[in-house]
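Dear colleague,

I am passing a structure on to you, together with some notes on what turned up when I went through it. Please look at the sequence and the model before you read on.

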Amino acid sequence: MLEHPASALPSAEQRSALSAVLSPQLVGLLKEAADTEARCIKLAQAGEKPNVFEGDLFVGRYEGAIEASYGKASTKGSRSIAEIDLVYVDSRFPKAHKFRTAVWKNRVELRKQGDRWLIQNIGFDNNGSLVSVLRDYLVEGTRSCRVRQP
């Protein structure tokens with residue numbers, strides 16, 4: 001996922017590329033979220049910040065990650081979970097500063113579909129997940145991005 005760093009929802013072209021590693025259900029959620037975001041942008045009043053997705057979607061941290069190391073996967077049948085250690089370095093801070101480096105773990109949930117392993121979900125270190133973040137965004141976008149009455 002570090003090959004496709006995202007500070008926003010992936011475009012149609014990016015979703016197409018990511019469909020090689022993401023499950024169809026996850027790609028579908030990403031498309032729904034992108035459609036919701038487009039509606040929110042269109043309906044935002046002049047001078048109003050629309051409800052848009054911000055931050056690196058795939059690692060669960062706004063800033064993203066610059067490195068990842070993959071741990072051993074636990075596989076049962078057509079499901080597998082792999083832990084991933086992620087690292088972000090903020091070069092604005094001097095070396096050894098307590099805010100310079102962040103290290104965290106995520107869990108990548110995979111499911112075998114045909115002859116390929118595809119990502120079903122990514123569990124974040126704060127107990128959230130990619131799927132829950134997308135679903136929450138869809139609910140909030142549906143609620144807050146409606147045509148406003150004059």
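Which residues does Asn51 touch, once residues up to four places away in sequence are not counted? Please keep in mind throughout that this is a predicted model. The residues that Asn51 touches are Glu37, Cys40, Tyr137, Glu140, Gly141, Ser144 and Cys145. Asn51 itself is found in the loop between H2 and E1, and with a relative accessible area of 22% it is partly exposed. From Asn51 to Thr36 the separation is 15 residues in sequence and 9.0 Å in space, taken from C-alpha to C-alpha.

To place this in the whole, the secondary structure of the chain comes to three helices and four strands, which follow the pattern α-α-β-β-β-β-α when read along the sequence. Taken along the principal axes, the C-alpha atoms fill a box of roughly 55 × 50 × 25 Å. The chain has 150 residues, of which 34% count as buried, and its accessible surface comes to about 9,500 Å², with 52% of that belonging to carbon and sulfur atoms. Where contacts join residues at least 6 apart in sequence, 52% of them are between residues at least 24 apart. As for charge, the chain has 22 positive and 18 negative charges, and the mean positions of the two sets are 4 Å apart.

A search of the whole structure for aromatic pairs finds two. One is formed by Phe53 and Tyr137, which meet edge-to-face, with 5.9 Å from centre to centre and 80° between the planes. Because Phe53 lies in the loop between helix H2 (24–43) and strand E1 (67–76), whereas Tyr137 lies in helix H3 (residues 130–144), this pair ties together parts that are 84 residues apart in sequence. Phe53 is buried, at a relative accessible area of 13%, and Tyr137 is buried too, at 7%. Tyr137 is also one of the residues that Asn51 touches.

The other pair, Phe93 and Phe99, is tilted, with 6.0 Å from centre to centre and 55° between the planes. Here Phe93 counts as partly exposed, since its relative accessibility is 25%. A ring is also involved where Arg61 lies over the face of Trp104, at 4.3 Å from the ring centre.

Two further residues may be worth finding in the model. Val108 lies in strand E3 (residues 101–113) and is buried, with a relative accessible area of 10%. Leaving aside neighbours within four places in sequence, Val108 is in contact with Ser80, Ile81, Ala82, Ile84, Ile119 and Asn121. Val108 and Phe124, which are 16 residues apart in sequence, have C-alpha atoms that lie 8.8 Å apart in space.

Ala96, by contrast, counts as exposed, at 81% relative accessibility, and is found in the loop between strand E2 (79–89) and E3. Although Ala96 is not a glycine, it has a positive phi of about 75°.

With best regards

Definitions and conventions: Residues are numbered from 1 along each chain as its sequence is written. This is a predicted model: local features need pLDDT of at least 70, side-chain atom pairs count only at pLDDT 80 or more; totals for chains, interfaces and linings use all residues. Side-chain values use heavy atoms; hydrogens and water are left out. Helices (H or I, at least four residues) and strands (E, at least two) are DSSP runs, numbered from the N terminus. Buried means under 20% relative accessible area, exposed over 50%, partly exposed in between (1.4 Å probe, protein chains only). Contact means heavy atoms within 4.5 Å. Accessible areas come from the Shrake-Rupley method with a 1.4 Å probe; for residues, only the protein chains shown count as cover. Lys and Arg count as positive and Asp and Glu as negative; His and the chain ends are not counted. The place of a charge is taken as NZ of Lys, CZ of Arg, CG of Asp or CD of Glu. Rings of Phe, Tyr and Trp (its six-membered ring) pair if their centres lie within 6.5 Å; planes under 30 degrees apart count as stacked, over 60 as edge-to-face and the rest as tilted. A charge sits over a ring if NZ of Lys or CZ of Arg is within 6 Å of the ring centre and within 35 degrees of the ring normal.
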